[in-house]
Amino acid sequence: NHPSDSQATLPRSAFRRAVPGDTVDDLTGRNTFFTDGQENVDLGIYKSFGLPFKDTLLVRLDVFNVFNHVTWGFPVNDFASTNFGRIISTNYTPRTYQIGLRYIY
């Protein structure tokens with residue numbers, strides 16, 4: 001879940017070929033590790049302003065990923081890489097703002 005301890009949690013030694021005499025406890029099982037999933041909060045607010053001749057101006061502000069929560073990527077799974085087991089990427093979109101105007105006549 002975090003780059004600082006990913007290699008300790010997922011050591012290279014846990015991924016080896018089975019040898020005679022191994023028990024189930026000696027090997028890393030399938031689906032042993034999983035990611036923490038998406039935890040995004042989006043927010044939208046709007047305000048309507050009355051204009052002459054029954055026209056309306058609507059102003060809307062949308063904020064995506066309000067708390068700017070980082071979702072880490074998957075660990076490197078290439079045995080030949082020196083970064084094996086390390087998390088070196090993120091899998092999220094940073095906080096984004098969007099402003100919209102709508103003129104209703």
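Where does Asp55 lie? Hi everyone, let me take that one straight away: Asp55 is in the loop between E1 and E2. Before I go on, please keep in mind that this is a predicted model.

Let me start with the strands around that loop. E1 covers residues 43–50 and E2 covers residues 56–64, and the two pair in the antiparallel sense over eight bridges. The hairpin they make has five residues between the strands, and one residue to look at there is Phe53, which takes a positive phi near 65°.

E2 also pairs with E3, residues 96–104; those two run antiparallel as well, joined by nine bridges. If you want a residue to follow across the strands, try Leu61. In E2, Leu61 is the bridge partner of Ile45, and Leu61 also stands opposite Ile99 in E3.

Now, back to Asp55. Does this residue have a salt bridge, or none? None: Asp55 is buried, yet no salt bridge is found for it. The nearest side chain of opposite charge belongs to Lys54, and that is 9.7 Å away, whereas a salt bridge would need the atoms within 4 Å. What Asp55 does have is a polar contact, side chain to side chain, with Tyr103, at 2.4 Å.

Two notes on the aromatics before I hand over. Which residue lies over the face of Phe49? That is Lys47, at 5.8 Å from the ring centre. And as for rings meeting rings, the structure holds one aromatic pair.

That's my tour, thanks for listening!

Key
Residues are numbered from 1 along each chain as its sequence is written. This is a predicted model: local features need pLDDT of at least 70, side-chain atom pairs count only at pLDDT 80 or more; totals for chains, interfaces and linings use all residues. Side-chain values use heavy atoms; hydrogens and water are left out. Rings of Phe, Tyr and Trp (its six-membered ring) pair if their centres lie within 6.5 Å; planes under 30 degrees apart count as stacked, over 60 as edge-to-face and the rest as tilted. A charge sits over a ring if NZ of Lys or CZ of Arg is within 6 Å of the ring centre and within 35 degrees of the ring normal. Two strands pair if DSSP finds at least two bridges between them. Helices (H or I, at least four residues) and strands (E, at least two) are DSSP runs, numbered from the N terminus. Buried means under 20% relative accessible area, exposed over 50%, partly exposed in between (1.4 Å probe, protein chains only). Lys and Arg count as positive and Asp and Glu as negative; His and the chain ends are not counted. A polar contact is a pair of N or O atoms within 3.5 Å; within protein, one must be able to donate a hydrogen and the other to accept it, and residues adjacent in sequence count only if both atoms are side-chain atoms.
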